[in-house]
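Work through the following exercises with the model open in a viewer. Each task is followed by a solution in steps.

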Amino acid sequence: MSTETKPEAKPEEKLFFHSMKEQDIFSKLQTNATGLTSKEAAKRLEEHGPNKLEEGKRKTLLQIFIAQFGDLMIWILMAAAVISAVVGEPVDAAIIGIVVVLNSILGTVQESKAEAALDALKQMAAPIAKVLRDGSITKVDASQIVVGDVVVFEAGDSIPADIRLIQCASLKVEESALTGESVPVEKQLIIIDDTKAALGDRVNMSYMGTAATYGRGTGIVIATGMNTEMGSIARQLASTEKETTPLQKQLNGISNILSIGVLIIATVIFGIGMLSGREPFEMFLTAISLAVAAIPEGLVAVVTIVLAMGMSRMAGNGAIIRRLPAVETLGSTQVICSDKTGTLTQNRMTVQKAYSQNEATLFEAMRYCNDSKLDANNKAVGDPTETALIDYLIKDKKYTVDEIKNSPRDGEIPFDSERKLSSVALKNSGGFRIYVKGAPDVLLARCIKELSGDKVVELGKARQDEIVLENENMAKLALRVLAFGFKDVTALTPNDVVGTESGLTFCGLIGMIDPARPEAKDAIAVCRKAGILPVMITGDHKITAVAIANDLGILDDGREAINGAELQEMTDEELSNRVEKIGVYARVSPEHKTRIVAAWQKKHKIVAMTGDGVNDAPALKASDIGVGMGITGTDVSKGASDVVLTDDNFATIVKAVAEGRRIFDNIHKTVRFLLSSNAGEVIAILFATLMGWKFLLPIHILWINLVTDTFPALALGVEPPEKGAMARKPRDSRLPFFTKSEWIQVLVTGTMEAALAIFAYLLGGQGMLGTTMAFLVLSLSQLFAAVALQSERTSIFKNKAKDHPMLWLAFFGSTMLQLSVVLIPPLRDIFKLAQLDLASWVEVIGLCFVMLIFVEVQKLFAKKEA
Ligand code: ATP
């Protein structure tokens, strides 16, 4: 394949940024440590184009249209049109031609609409990066980054372009996408003399498509878009494969088997016709028309469009689907494992209680051991646990805004949810003071002394118990508790985390409230009704977790709460046996989430799992539906998710599940309608041919197919959710799309339609009138069946027409189309139909109502069976 490339930056001498001095890079790229101005960035963007990898070329509308002619049936049909014209049947030829073109136009519209919906979603999921512009940190779409920009990032962020690092704090980057090495690389600010060093060894560089898993860093962008290392790989494998969902695959299979069946039947019909001495060309056209009408080639297209439209609707409700199969799986979700903080709660922390015997030191620890920044309005921004501390210090006038702004540090070990601690070091006269904060149980275990007034005293067992009790009392009030400690050292030992964070002096506890989301409580109740088990997973203390779980009603069913430590003790077998009885997991580390997912999957349950941190990625991938957080989630976790919530809200997951059920129901109805209609046509024609009747003409069959297969099928695909869709148990995802009894229902409905059409033919006296009546009954009974299928469970007499506008519109529209052929004289002549008298009309309409009643009775039986 030849790639047309834009005139690239002139082939300058190759620069080895990893071997260059920082200052040389700045002057080479005409930038500096404070980044570019937005004016300069805009200019460079204009000159060099966006920071994007080129994707496979999009198909144009014309190409999509032409692709519709890749179908064998279309060619047979066109051949039939040509033969018709040659043997002197120009009307037939014209009608077949119109059918071909209309079919292709409808196919094109459907496909391009589905593509547009998918594109819009991709746009929504576009990554954001932080760059220095005009001297301050600005969030921009990653595609807007230019060479010379200074980007800042931290654990969980993906690296937006190729960069040379100019600052890093304990930075580790996972580069497997580029180097195949899955262990994160520790980055360093050294200059690498070997210009030919392998990518993996260039520890002062980071590349597009990799992600920071630990610490933080700053770097100068040295290449963007297709000029990055990723870009050169992308150039080599520039093909984008479309993903097929399990349902699409299943339907493809069904579609293929039925196509073969229909072809066999069409051949049989042709054979019988020939044997009984019918006109060969007419029999040939009949067989082909039937094959065209009955081959369910539209199934997969309808499913795709219903899925795509469902995705747009979900996005409108705050759930962005990243992988198409998730749309289907969502509806059968049986367990939702959710993080507490931010998903079930508001992630708005407010300090409520402080406990200390030397508040001045506690406040100092809160001030320095803190990553939040003050914005232009002097409001703290950052992790809510940390901003709560700063807000408290400022509000209670412990420190001025300027003091807070000026809180330098000389070293740090960032927070991670595995350790549950974070530390900073400050220079003082004797060396360094290290402040540590973290989960009380973890921190207390690392304290040997405590501050009592101005004195440092031994931390005895009795005092430890007192502090633990105080922690529990706060936790019972649903407070998240942080403990603080410090120690003074003469020198820092950079790579010794355990050593740095031990032998501490305890200086106090802080309790903060993070109220439950009001809508989460209702969503939990909806889950219960829908047979979905909600499970809370949190890094917080068990008592805090239980207090909030009780508030939300998660433990109303008598399930228990366990600690990560208890989980650690259990074997996988034990966990799997108990998993159904556990509603809350407290003090867990991200790695425990993977075990919880596995335990449920061993029970053959479909599990959704939320996650936001870097370490959550494995669990998100392992679960059936990984749910990422749009606001607080890291790029890494979002990348591992199937669904991303724009509002981080538990209630949104439940809404998406409801939407998933609706989509599945609608696809089911649509397919059931299409298959039973096709069965009706095949059975009627087969029977009539066996009887040797001159029944329907080929153009009649094509017309019926056009009228009934399109609008009603699409309308069924956009039906509103069924009443009670969230009051039934999740569908067992191991069941096939159609169960045996559902196949029987499809056949029975088809047989009934055929029987009614044949009955109409007999009533009309087997001549032109009979054909006209059969023509009407065969198509209208399908339309009546479509209306009845607005629910596969409840009677349509219990539904209101205004709740199903599209279906009724399709019904009336298609009915008008069908009637116009019989009522408008020139059309009637073209279609070789007879005029009906009142009595015949009454008979036709009566037979169609029989169909409606029939489907309603079928529902009653199906309900009894269920
Ligand atoms: P959830 O899983 O419900 O979202 P969480 O993941 O927020 O909860 P973590 O962030 O892992 O839980 O926090 C676990 C514990 O670590 C908290 O209970 C708290 O005691 C402590 N902790 C949280 N944030 C910090 C922080 N920034 N610095 C130090 N300790 C923290």
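**Exercise 1.** Find which residues make the nonpolar surface patch of about 390 Å².

Solution. Step 1: the patch of this predicted model is made by I98, V101, L102, I105 and V109. Patches are made of residues with over 30% relative accessible area and no salt bridge; like charges are joined within 9 Å, nonpolar side chains (Val, Leu, Ile, Met, Phe, Trp, Tyr) within 5 Å. Accessible areas come from the Shrake-Rupley method with a 1.4 Å probe, and for residues only the protein chains shown count as cover. A salt bridge is a side-chain nitrogen of Lys or Arg within 4 Å of a carboxyl oxygen of Asp or Glu.

Step 2: I98 belongs to helix α5, residues 90-124. Helices (H or I, at least four residues) and strands (E, at least two) are DSSP runs, numbered from the N terminus.

Before going on, note that residues are numbered from 1 along each chain as its sequence is written, and that side-chain values use heavy atoms, with hydrogens and water left out. Because the model is predicted, local features need pLDDT of at least 70 and side-chain atom pairs count only at pLDDT 80 or more, while totals for chains, interfaces and linings use all residues.

**Exercise 2.** Describe the span and burial of helix α14 (residues 384-395).

Solution. Step 1: from first C-alpha to last, the 12 residues of α14 reach 16 Å, close to the 16 Å expected at 1.5 Å a residue. The expected span is 1.5 Å times one less than the number of residues.

Step 2: count the buried residues (under 20% relative accessible area; exposed is over 50%, partly exposed in between; 1.4 Å probe, protein chains only). Nine of the 12 are buried, so α14 is largely enclosed by the rest of the structure. Among them are P384, T385, Y392 and L393.

Step 3: K397, just after α14, takes a positive phi of about 55°.

**Exercise 3.** State which strands pair with β7 (residues 211-223), and in which sense.

Solution. Step 1: two strands pair if DSSP finds at least two bridges between them. Strand β4 (residues 162-174) is antiparallel to β7 over 10 bridges. D162 has A223 of β7 as its bridge partner, and E174 stands opposite A211.

Step 2: strand β3 (residues 150-154) also pairs with β7 in the antiparallel sense, over five bridges. Here V152 stands opposite T218.

Step 3: as 12 of the 13 residues of β7 are buried, β7 is largely enclosed by the rest of the structure.

Step 4: β4 also runs antiparallel to strand β6 (residues 205-206), joined by two bridges; R164 is the bridge partner of M205 in β6. Another two bridges join β4 to strand β5 (residues 185-186), again antiparallel, with V173 partnered by V185.

**Exercise 4.** Give the strand order of the open sheet formed by eight strands.

Solution. Step 1: the order is β8-β25-β24-β23-β9-β20-β22-β21, and the pairing is mixed.

Step 2: β8 (319-321) and β21 (560-563) stand at the edges with a single partner strand each, so one side of each has no neighbour in the sheet. The twist averages 20° from one strand to the next; axes are lines fitted to C-alpha atoms, for helices over the stretch in contact, and angles run from 0 to 180 degrees between N-to-C directions.

Step 3: strand β20 (residues 533-537) runs parallel to strand β22 (residues 582-586), joined by two bridges. I537 stands opposite Y585 of β22.
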